[in-house]
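Biologist: I'm new to this one and would like a close look at a single part: the buried inside. Please walk me through it slowly, and spell out the terms as you go.

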Amino acid sequence: GRCVTAGYDRLREKGLFNESFLRTVFEDLSSSEEEFHDDDFLKLMECLKIAVHVDNEYFLPSALPLNPPVDVSPFPMSCVPLVYSWDKQILPHGFFFTFVVELLRQQEGGNKLYFELRDGVTQCRDVIQVTAKKIPGFMKLVNRKRWIEICYSCTNTKYCSKLQEITSDRIQRVVKRFEHTCIKLPEIGFRCRLCDTDDHYCILSEDQTMVQCHQNNGPVTPDMSCWIDSTDLAVNTIT
């Protein structure tokens with residue numbers, strides 16, 4: 001019927017579905033000898049970090065449309081994008097989606113941040129935008145296959161270290177979940193300003209004073225240090 005078609009369209013375009021849609025899709029199972037329980041299925045999807053409950057719907061990032069070439073649009077001069085890099089190791093299938101789910105499932109309470117999907121934008125499979133309550137602007141999460149890029153839109157950099165702290169924690173959780181793939185904790189770095197290319201990054205030194213890429217090295221600048229000030233890094237750095 002029209003409702004089912006609209007449900008499929010919403011799932012394919014926005015990665016969102018509700019319990020009513022799921023119940024309709026599995027109506028044949030419900031009429032079988034063993035009744036289908038959609039709430040159990042949803043709990044399984046949440047447990048496996050495949051989907052996450054957002055508002056009155058569920059978000060399934062793997063259902064999003066394939067995105068156009070990775071967005072390399074300009075970022076604020078005050079804050080270069082943060083990079084979690086695995087260098088020569090390609091991220092396991094599903095790693096990026098699990099990272100997104102981990103961010104969105106963080107519960108509000110106390111001083112904790114609460115992330116949600118950014119409204120009014122087109123979400124793509126490898127470029128997902130989120131906002132955080134109590135923090136202005138938005139974050140763009142970009143899957144570059146060998147690294148994950150965190151772009152923060154706001155020119156006020158005082159929030160960057162908190163965002164780095166939380167994203168690092170979520171990265172650690174996902175690495176632990178994917179430990180069967182032998183993936184390790186990433187190195188931390190930034191979109192590279194040392195080279196004249198957008199599709200490049202540099203790695204932070206262990207003492208957090210220098211950055212190094214394949215062609216150059218240089219000192220950490222304020223648009224990089226805003227991510228690490230007053231924060232204990234929870235990932236690897238170069239030695």
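What follows is one walk through the inside.

Modeller: Happy to. A bit of housekeeping comes before the tour. This is a predicted model, where local features need pLDDT of at least 70 and side-chain atom pairs count only at pLDDT 80 or more, while totals for chains, interfaces and linings use all residues. Residues are numbered from 1 along each chain as its sequence is written, and side-chain values use heavy atoms, with hydrogens and water left out.

Let's start with the overall layout. The protein has seven helices and twelve strands (DSSP runs numbered from the N terminus: helices are H or I with at least four residues, strands are E with at least two). Of its 239 residues, 48% are buried (under 20% relative accessible area; exposed is over 50% and partly exposed lies in between, using a 1.4 Å probe and protein chains only). The chain also brings far-off stretches together: take the contacts (heavy atoms within 4.5 Å) between residues at least 6 apart in sequence, and 62% of them join residues at least 24 apart.

Now for the inside itself. How many residues are in the largest nonpolar core? The count is 53, and the members that touch the most others are Phe59, Phe95, Phe115, Tyr152 and Trp227. A nonpolar core here is a set of buried Ala, Val, Leu, Ile, Met, Phe, Trp, Tyr and Cys residues joined through side-chain atoms within 4.5 Å. Helix H5, residues 95-104, gives the most to this core, with eight residues. Another core, of ten residues, lies apart from the largest one, and its members include Phe17, Met45, Ala51 and Tyr58. As general background, nonpolar side chains tend to be buried together in soluble globular proteins.

Let's stay with H5 for a moment. Ten of its ten residues are buried, so the helix is largely enclosed by the rest of the structure. If you'd like to click through the helix, you'll find that its buried residues run from Phe95, Phe96, Phe97, Thr98 and Phe99 to Val100, Val101, Glu102, Leu103 and Leu104. You'll notice that Thr98 and Glu102 are on that list as well. Phe95 also turns up in a cluster with Trp86 and Phe178, linked by ring pairs.

Next, look at Trp227, another of the core members that touch the most others. Trp227 is found in the segment after helix H7 (222-225), and at 0% relative accessible area it is buried. Which residues does Trp227 contact, leaving aside neighbours within four places in sequence? One group is Cys79, Val80, Pro81 and Leu82; then come Ile150 and Tyr152; then Cys160, Ser161, Leu163 and Gln164; and finally Phe190. Val80 makes a nice example of a partner that is far away along the chain: Trp227 and Val80 are 147 residues apart in sequence, yet their C-alpha atoms are separated by 9.0 Å.

The buried part isn't just big nonpolar side chains. Ser168, in helix H6 (residues 160-177), is buried with a relative accessible area of 0%. The C-alpha atoms of Ser168 and Leu185 are 9.6 Å from each other, with their places 17 residues apart along the chain.

Let's finish with the aromatic rings. There are six aromatic pairs in the structure. Rings of Phe, Tyr and Trp (its six-membered ring) pair if their centres lie within 6.5 Å; planes under 30 degrees apart are stacked, over 60 edge-to-face, and the rest tilted. For Tyr8 and Phe21, the ring centres are 5.0 Å apart and the planes sit at 90°, so this pair is edge-to-face. It links distant parts of the chain, with Tyr8 in helix H1 (residues 2-14) and Phe21 in helix H2 (residues 19-25), 13 residues apart. Tyr8 is partly exposed at 33% relative accessible area, whereas Phe21 is buried at 10%. Trp147 and Tyr201 have ring centres 4.7 Å apart and planes at 55°, so theirs is a tilted pair. Here the link runs between strand E8 (residues 147-152), home of Trp147, and strand E10 (residues 201-204), home of Tyr201, 54 residues apart. Trp147 counts as buried at 10% relative accessibility, and Tyr201 is buried at 10% too.
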